[in-house]
Each structure stands twice: as structure tokens, then as C-alpha cells.
Amino acid sequence: MKRTALIVCTLLLVGCSSPAPEAAAPGAPPSSAAPAADTADAAPCRALIGDDGGLVSESARFLSGVSELDDTTATEAAALAGNLEGVGETSSEDLRELLTVMQEPFREMQRAYAAGRRFSLDPDGYKAAANEVIALCEPQV
């Protein structure tokens, strides 16, 4: 089941490019080499990829399914960013940095909604960070 959830999550990440309105703030893509696994990250990794794909899968599904920016999507984006941040607070520095990059499209979505401007998803930074999280966490889950 865990392997299936990771495969589904990876497929979501590969196809994660929702057509949405303008003005994205690109996150700095993380390095291409995954950081070494930290055994202190076992609990955060369970939350992130778990048996069902976890928070990484949930956030990828959200990003790939967003078709308009409204109060509901801005609220859900804020919740996902907060969940990623919360997991980051209990993780290693390497994992926390990746989660900060993953939060950026959600934070930008919130800012765009609050400012009344359009939002355009640039998924590259998110996808790269999420793939590194999967590579880092898979051995620990």
C-alpha cells in the first residue's frame, strides 16, 4: 500500500500544473541531491508520506486540482501551508528547508487572494522539493 501511495503521489507531482490566473512568486528550487536521512525525521516523514501518501500527496492533489482562486481555495491553501510548517517544526533542518519551499505556492495563493490579484502556479520548486522529501522519507516510513 505504501509503495502504491508513493507512486500515486509521484504521478501527481509530475502532472502538477494547474491552469490558474497570473503572478507567481517562484520558490528557490532545492539542490538536486537529496539530503541524507536523519533518524529524527521518522515521525515527520510518516506525516508527510505515510501509508496513504500523507501530506505530500494531499498537497499535490490540491495544487493539481485548483481551477479558481476563491475564499475556499485560499483557506485550504492556508491550512496546507500551516500543516507543512507544523511538520517542519519537528523535523531536521534539511527537511524543514524542503518543506519551506513546498509551502511557497500555498503562501503565494493566500497573498494573491488577499490582494485581489490573480495567481499562476509555477510548480517546479514545489515538485523538486516534494520529490526530495519522498526520497528522504521513503526509507524511514
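Reader: How many aromatic pairs does a search of the whole structure find?

Author: The search of the whole structure finds two aromatic pairs. Keep in mind that this is a predicted model.

Reader: How do I read the pair of Phe62 and Phe106?

Author: Look at two values, the distance between the ring centres and the angle between the planes. Planes under 30 degrees apart count as stacked, over 60 as edge-to-face, and the rest as tilted. The centres of the Phe62 and Phe106 rings are 5.9 Å apart, and their planes meet at 35°, so this pair is tilted.

Reader: Where in the chain do Phe62 and Phe106 sit?

Author: Phe62 is in helix 3, and Phe106 is in helix 5, which covers residues 93-115. They are 44 residues apart, so the pair links distant parts of the chain.

Reader: Is Phe62 buried or exposed?

Author: Buried means under 20% relative accessible area. Phe62 has 9%, so Phe62 is buried. Phe106 is buried too, with a relative accessible area of 0%.

Reader: Which residue forms an edge-to-face aromatic pair with Phe106?

Author: That residue is Tyr126. Here the rings are 6.1 Å apart, centre to centre, with 85° between the planes. Apply the cut-off again: over 60 degrees counts as edge-to-face.

Reader: Where does Tyr126 lie?

Author: Tyr126 lies in helix 6, residues 124-137. Phe106, in helix 5, is 20 residues away in sequence, and this pair also links distant parts of the chain. Tyr126 is buried, with a relative accessible area of 1%.

Reader: Which residues form one aromatic cluster?

Author: Phe62, Phe106 and Tyr126 do. Phe106 takes part in the pair with Phe62 and in the pair with Tyr126.

Reader: Which residues is Phe106 in contact with, leaving aside its neighbours within four places in sequence?

Author: The list holds Ser59, Phe62, Leu63, Ala77, Leu80, Ala81, Leu84 and Tyr126. Take Ser59 as a case. Ser59 sits in helix 3. Its relative accessibility is 0%, so Ser59 counts as buried. Not counting residues up to four places away in sequence, Ser59 touches Leu80, Met102, Phe106 and Tyr126.

Reader: How do I read two packed helices?

Author: Two packed helices are described by the angle between their axes and the distance between the axes. Try helix 2, residues 42-49, and helix 3, residues 54-65. Their axes come within 2 Å and cross at roughly 35°.

Reader: Which residues in helix 2 meet helix 3?

Author: On the helix 2 side they are Ala47, Leu48 and Ile49. They meet Gly54, Leu55, Val56 and Ser57 in helix 3. The residues of this contact divide into five nonpolar, two polar and no charged.

Reader: What is a disulfide?

Author: A disulfide is a covalent bond between the sulfur atoms of two cysteines. This structure holds one. The disulfide joins Cys45 to Cys137, with an S to S distance of 2.1 Å.

Reader: Is the disulfide of Cys45 and Cys137 left-handed or right-handed?

Author: Read the torsion about the S-S bond. For Cys45 and Cys137 the torsion is about -65°, so the disulfide is left-handed.

Reader: Which parts does the pair tie together?

Author: Cys45 lies in helix 2 and Cys137 lies in helix 6, so the tied parts are 92 residues apart in sequence. Both Cys45 and Cys137 are buried.

Reader: What does the side chain of Glu108 make a polar contact with?

Author: The partner is the side chain of Arg117, at 2.7 Å. Glu108 is found in helix 5. Glu108 has a relative accessible area of 5%, so Glu108 is buried.

Reader: Now the whole chain. How many helices and strands are there?

Author: The chain has six helices and zero strands. From the N terminus on, the elements run α-α-α-α-α-α. Of the 141 residues, 43% count as buried.

Reader: What share of the contacts joins residues at least 24 apart?

Author: Take the contacts between residues at least 6 apart in sequence. Of these, 83% join residues at least 24 apart.

How values were computed. Residues numbered from 1 in each chain as written. Predicted model: local features only at pLDDT ≥ 70, side-chain atom pairs only at ≥ 80, totals over all residues. Heavy atoms only, no water. Axes fitted to C-alpha atoms, helices over the stretch in contact; angles between N-to-C directions. Helix = DSSP H or I, 4+ residues; strand = E, 2+ residues; numbered from the N terminus. Contact = heavy atoms within 4.5 Å. Nonpolar A, V, L, I, M, F, W, Y, C, P; charged D, E, K, R; others polar. Phe/Tyr/Trp six-rings, centres within 6.5 Å; stacked < 30°, edge-to-face > 60°. Buried < 20%, exposed > 50% of the residue type's maximum accessible area, 1.4 Å probe, protein only. Polar contact = N/O pair within 3.5 Å; in protein donor to acceptor, adjacent residues only side chain to side chain. Disulfide = S-S within 2.5 Å.
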